[in-house]
Amino acid sequence: MINNDWDEQLKIVWNSENFKKFYNGVMNMYSKEVIYPPKDLIFNALKLTSFKNTKVVIVGQDPYHGEGEAHGLSFSVTRGTKMPPSLRNIFQELNDDLGIVRTDTDLSDWAKQGVLLLNAVLTVKKDTPASHRNIGWELLTDYIIKLLNNRKEPIVFILWGNFAKEKAKYITNPNHYIIMSAHPSPFSARNGFFGSKPFSKTNNFLISKGITPIKW
């Protein structure tokens, strides 16, 4: 499915009859209506960030539902599409935190450095946010978080907003570091996201553990 070490970590899932039935059902949806991201990018986050190389996890809810936006990475959109308001606020906080001016909406460079950009739900119907919530993806993505929690190497988990904060219950290993704040959405960013300094906090933690920091 992934062609890296995630396949070994997730073999119990890939070999499960329940997952195969669920996945075939999702593929059937693609044949009947417009679903994002494209089929070959559903597992893009896992393909770009292997289990072993994961240093940071940024949990999102579900893919962007506009045409051409979603490409399988939380908060990231395909180059050439309009920057979503949440991503604009993330870049504003990045600038306020570290003085970095970023305009590239494709966060693949973060993923390749070890930032797992994991949406809890991996597909969505066109123009219908949260349309695939509770159809089964959360069983897989919660399991991924649990697998990462069991790793002895330190990981930073960044949880923005109440939905992501719910995942904190799976992160019990004291080796890891959790950063929680309000969501970067325009509706909540001024209630604790702005000024939370997640990027410097992440890099300071990684450096303290002898891990190469992220070039944001």
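**The second largest pocket encloses about 170 Å³.** This is a predicted model, in which local features need pLDDT of at least 70 and side-chain atom pairs count only at pLDDT 80 or more, while totals for chains, interfaces and linings use all residues. Residues are numbered from 1 along each chain as its sequence is written, and side-chain values use heavy atoms, with hydrogens and water left out. A pocket is an open set of points on a 1 Å grid over the protein atoms alone, with protein on both sides within 12 Å along at least five of seven lines; lining residues have an atom within 4 Å of a point. Points are joined across faces, edges and corners, and the volume is the space filled by probe spheres set on them. The lining of the second largest pocket consists of V13, S16, N18, F19, F22, G136, L139, L140 and Y143. At least two of these residues come from each of α3 (17–32) and α7; helices (H or I, at least four residues) and strands (E, at least two) are DSSP runs, numbered from the N terminus. By class, the lining has 6 nonpolar, 3 polar and no charged residues (nonpolar: Ala, Val, Leu, Ile, Met, Phe, Trp, Tyr, Cys and Pro; charged: Asp, Glu, Lys and Arg; polar: the others, Gly among them).

**The largest pocket has D62, P63, Y64, H65 and S86 nearest its centre.** Its volume is about 490 Å³. In total, 26 residues line the largest pocket. They divide into 11 nonpolar, 11 polar and 4 charged residues.

**The largest cavity holds about 50 Å³ of space.** A cavity is a set of grid points where a 1.4 Å probe fits but cannot get out. The structure has 3 cavities of 30 Å³ or more. Around the largest cavity lie P37, A45, P63, A70, G72, L73, L117, L118, N119, V121 and L122. Strand β3 provides the largest share of this lining, 3 residues. The lining contains 9 nonpolar residues, 2 polar residues and no charged ones. One of the lining residues is P37, found in the loop between β1 (35–36) and α4. The peptide bond leading from Y36 to P37 is cis, and its omega is near -5°.

**The second largest cavity has a volume of about 40 Å³.** I42, F43, N44, A45, L46, G72, L118, L122 and I144 form its lining. Helix α4 contributes the most, 3 residues. The lining is made up of 7 nonpolar and 2 polar residues, with no charged residue.

**N119 belongs to strand β3 (residues 115–119).** The relative accessible area of N119 is 6%, so the residue is buried (buried is under 20%, exposed over 50% and partly exposed in between, with a 1.4 Å probe and protein chains only). Leaving aside residues up to four places away in sequence, N119 touches G60, Q61, D62, P63, L73, S74 and T141; a contact means heavy atoms within 4.5 Å.

**A130 lies in the loop between β4 (124–125) and α7 (137–149).** With 30% relative accessible area, A130 is partly exposed. Residues up to four places away in sequence aside, A130 touches D62 and V124. Between the C-alpha atoms of A130 and V156 the distance is 26 Å, and the two residues are 26 places apart along the chain.

**The rings of W6 and F51 form an edge-to-face pair.** Rings of Phe, Tyr and Trp (its six-membered ring) pair if their centres lie within 6.5 Å; planes under 30 degrees apart count as stacked, over 60 as edge-to-face and the rest as tilted. The whole structure contains 16 aromatic pairs. For W6 and F51, the centres are 5.2 Å apart and the planes meet at 80°, so the pair counts as edge-to-face. The pair links distant parts of the chain, 45 residues apart: W6 is in helix α1 (residues 6–9), and F51 is in the loop between α4 (44–48) and β2 (56–60). W6 is buried at 0% relative accessibility, and F51 is buried at 11%.

**F75 is part of a cluster of linked rings.** The other members of the cluster are W110, W160, F193, F194, F199 and W216. F75 lies in the loop between β2 and α5 (85–98) and is buried, at 9% relative accessibility. Its phi is near 70°, a positive value in a residue other than glycine.
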